[in-house]
Amino acid sequence: MFETLILILDATMRVSTPLILAALAGLFSERSGIVDIGLEGKILGGAFAAAAAAAVFGSAWVGLIFAMLASIGLALIHGFACITHRGDHIVSGVAINTIVAGLTVTLGLDWFGMGGQTPTLSGDARFLSITLPFADALADVPVIGLIYSELLSGHNVLVYLAFACVPVTFWVIYKTRFGLRLRAVGENPHAVDTAGISVAFLRYRAVIICGILCGLAGAYLSTAHNAGFLKDMSAGKGYIALAALIFGKWKPVPVMLACLLFGFLDAVAVRMQGVSLPGIGEIPVQAIEVLPYVLTVLLLAGFIGKAIGPKAVGRPYVKERA
Amino acid sequence: MSQAKVPVWVSIALIPFINVMLAFFVSALVILALGEDPIEAAGYLIYGAFGYEEGIGYTLYYATNLIFTGLAVSVAFKAGLFNIGGEGQAYIGGLGVGLVCLWFDSTLPLMVIVPIAIIGGALFGAAWAYIPAYLQARRGSHVVITTIMFNFIASSLMVYLMVNWLKQDGRMSPNSRTFEESAWLPYMHELFAPFGIELSESPLNASFIWALICCVFVWILIWHTRWGYQLRTLGTNATAAVYAGIDNGKVTIWVMLISGGLAGFVGLNEIMGVNHSLLLNFTAGYGFAGIAVSLMGRNHPVGIVVAAILFGALYQGGAELAFEIPSITPEIVVVIQGLVILFSGALENMLKDRIEGIFIRKSVA
């Protein structure tokens with residue numbers, strides 16, 4: 001029983017990693033007032049760029065850099081439309097998701113000729129799991145050994161990075177001058193402008209950070225969690241991350257907890273397949289899969305607390321002219 | 001910058017046209033980057049879509065779905081609501097159509113099944129839009145996010161229903177049984193045959209006529225009824241609507257019901273018209289493509305028909321293109337779709353001010 005629980009939690013960490021990275025990405029963007037439905041597209045674009053570059057250069061790290069570049073590029077398109085040209089944030093996000101869904105398959109087929117996939121990655125082209133020090137030595141110690149060697153050790157570097165990003169995000173958002181301004185621009189861009197700080201530049205920086213984090217999430221999917229790019233491999237993770245962002249009320253630690261909850265549900269759904277519970281019978285997998293979405297809807301409706309986002313989110317900022 | 005001095009044709013025709021051309025131009029660059037000739041590609045595309053009768057049939061068959069989802073998006077858009085849930089509403093609407101066919105196909109004649117199926121599709125699609133609409137109107141949750149969530153819920157629900165309840169016994173693939181022929185919408189080539197008009201066979205069926213009827217219905221509803229006026233007022237200025245005594249919540253809910261109902265009609269074409277059985281994933285992204293169609297058609301039924309036929313042509317021509325030039329996948333259509341959404345939606349202000357500026361200066365001088 002205990003071992004099963006540890007294995008589920010271990011899977012939870014792995015499934016949650018891209019969600020945490022993407023949700024933090026969305027946090028930076030939305031805290032600055034830019035709605036980001038394009039998380040999905042940026043993850044998918046990052047995943048493709050990472051796998052393609054890793055396959056060509058044989059290095060996962062090169063793949064990671066390309067993932068971030070691709071994702072930043074998409075983020076800048078979003079910024080160009082929403083910040084510079086005051087376009088509708090949601091329309092722009094939908095456009096980016098659509099373009100990436102088509103472009104990754106088209107380019108994949110042209111470059112690798114494998115039906116839109118990239119070649120299977122191995123060796124240095126993948127992020128492999130890291131065994132933490134003493135993991136093997138401690139493995140036989142009851143309880144702690146299992147927690148340490150199974151749950152905490154044996155993940156790849158991006159998993160640890162994702163969890164490290166949470167306190168860093170907290171620090172940036174709440175403890176730095178940039179963070180203060182970022183929060184201010186999402187609540188009241190006018191005040192920020194009056195203080196002589198460029199709204200556009202702040203928002204562009206937020207959008208770029210969003211791109212970097214989505215790139216990491218994408219690279220994780222294709223070069224760490226899987227060994228290559230598959231068509232539509234992001235499979236709604238961007239939307240789940242968006243749900244987690246709302247669920248965590250745009251705050252770093254609650255957002256991480258929401259990601260872990262959704263990841264946990266995912267891990268349980270896999271385990272529950274065909275398992276009959278005493279008294280209830282077999283719970284359909286779909287019912288568990290659908291929980292994050294249902295929970296988010298209930299939260300938005302105010303049935304389980306109220307989710308209130310940054311005030312100026314989604315509104316274009318028009319500088320007043322005298 | 002005063003709006004009044006800009007000629008009407010500039011804002012309703014020239015600017016959208018230039019935006020779409022920009023999208024096509026970037027698509028051409030993508031094809032160029034794949035090492036193919038965009039002009040040659042366009043040639044295959046146009047021939048595939050319009051060059052022969054069967055191709056035209058396919059083009060209009062795809063356009064049928066896009067008219068339904070395009071109308072769905074635009075009705076909501078007119079009221080200032082962004083319905084991203086067309087995909088889920090079409091999916092559940094198709095379930096409604098399929099259930100009607102499964103229940104009545106051996107007992108009732110086609111002429112009776114058709115209206116019931118239309119009502120079934122509309123009711124199921126509308127029901128799926130009702131919950132996000134209600135939550136937006138009464139509980140203040142944003143319809144964009146809830147409709148996205150409902151797309152996923154719809155897709156899980158359908159998998160559950162298909163696998164556990166509707167799947168044909170003894171088969172591996174999650175399809176329902178094939179309907180009796182009395183529940184098949186007639187194909188266009190069958191409809192026209194009694195009049196001595198010979199059309200080549202294609203999946204184009206009677207639902208295309210229903211799509212055009214829906215366009216007229218939407219046009220009357222939005223521009224020629226009191227309710228349509230309320231809807232447009234809500235979309236233009238929600239605060240003013242309140243002062244005009246319009247019940248915004250009520251209008252919001254009704255708009256979304258109509259939007260969802262229209263999206264639900266995709267099932268008529270796909271389930272009743274072509275597949276003749278309930279199956280998974282028949283919506284195939286039409287709900288999202290509806291966004292591009294609606295933006296390109298400027299939320300007007302006439303524009304939507306034109307845009308839907310153009311996108312239908314891209315689907316059909318894209319398939320032809322992929323056949324002729326294997327390095328180009330049908331997914332290039334998805335890229336073009338995305339670019340159209342980007343340029344005519346998100347970047348619509350990019351050229352607007354400049355072009356309008358040219359015409360304003362001219363009228364001053």
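This text walks through three helix packings, one pocket and one strand residue in a predicted model.

Start in chain A with helix α1, residues 2–31, and helix α10, residues 199–225. Their axes come within 7 Å and cross at roughly 170°. Angles over 145 degrees count as roughly antiparallel. α1(A) and α10(A) are therefore roughly antiparallel to each other. The crossing of α1(A) past α10(A) is left-handed. On the α1(A) side, the contact includes A:Arg14, A:Thr17, A:Pro18, A:Leu21 and A:Phe28. On the α10(A) side, the residues include A:Val207, A:Cys210, A:Leu213, A:Tyr220 and A:His225. By class, this contact holds 16 nonpolar, four polar and one charged residues.

Stay in chain A for the next pair. Helix α3, residues 60–84, packs with α4(A) at an angle of about 150°. The two axes lie 9 Å apart. That angle makes α3(A) roughly antiparallel to α4(A). Here the crossing is right-handed. From α3(A), the contact takes A:Leu74, A:His78, A:Ala81 and A:Cys82. From α4(A), the partners are A:His89, A:Ser92, A:Gly93, A:Ile96 and A:Val100. Five residues of this contact are nonpolar, four are polar and none is charged.

Now move to chain B. The axes of α4(B) and helix α5, residues 110–139, come within 7 Å. They cross at roughly 145°, and the crossing is right-handed. The α4(B) side of the contact includes B:Gly88, B:Ile92, B:Gly93, B:Gly96, B:Val100 and B:Phe104. Across from them, α5(B) supplies residues including B:Ile113, B:Gly120, B:Gly121, B:Phe124, B:Gly125 and B:Trp128. The class count is 12 nonpolar, seven polar and no charged residues.

Next comes a pocket with a lining drawn from both chains. The second largest pocket has a volume of about 1300 Å³. It is lined by 38 residues. Those closest to its centre are A:Asp232, B:Glu87, B:Ala284, B:Gly285 and B:Phe288. Several helices each supply at least two lining residues. From chain A these are α2 (39–57) and α4 (89–112). From chain B they are α4 (86–104), α6 (143–166), α13 (286–296), α14 (301–324) and α15 (332–346). Two of these helices have appeared above: α4(A) packs with α3(A), and α4(B) crosses α5(B). By class, the lining has 21 nonpolar, 12 polar and five charged residues.

Finish with a single residue in chain A. A:Ser276 lies in strand β3, residues 276–277. Setting aside neighbours within four places in sequence, A:Ser276 is in contact with A:Gly281 and A:Glu282. A:Glu40 is 236 residues from A:Ser276 in sequence. In space, the two are 34 Å apart, C-alpha to C-alpha.

How values were computed. Residues are numbered from 1 along each chain as its sequence is written. Chains are lettered from A and ligands numbered from 1 in the order in which they are written. This is a predicted model: local features need pLDDT of at least 70, side-chain atom pairs count only at pLDDT 80 or more; totals for chains, interfaces and linings use all residues. Side-chain values use heavy atoms; hydrogens and water are left out. On a 1 Å grid over the protein atoms alone, a cavity is a set of points where a 1.4 Å probe fits but cannot get out, and a pocket is an open set with protein on both sides within 12 Å along at least five of seven lines; lining residues have an atom within 4 Å of a point. Grid points are joined across faces, edges and corners, and a volume is the space filled by probe spheres set on the points. Helices (H or I, at least four residues) and strands (E, at least two) are DSSP runs, numbered from the N terminus. Ala, Val, Leu, Ile, Met, Phe, Trp, Tyr, Cys and Pro count as nonpolar, Asp, Glu, Lys and Arg as charged, and the others, Gly among them, as polar. Axes are lines fitted to C-alpha atoms, for helices over the stretch in contact, and angles run from 0 to 180 degrees between N-to-C directions. Angles under 35 degrees count as roughly parallel, over 145 as roughly antiparallel, 65 to 115 as roughly perpendicular and the rest as oblique. A crossing is left-handed if the near helix is turned anticlockwise from the far one by less than a right angle, and right-handed if clockwise. Contact means heavy atoms within 4.5 Å.
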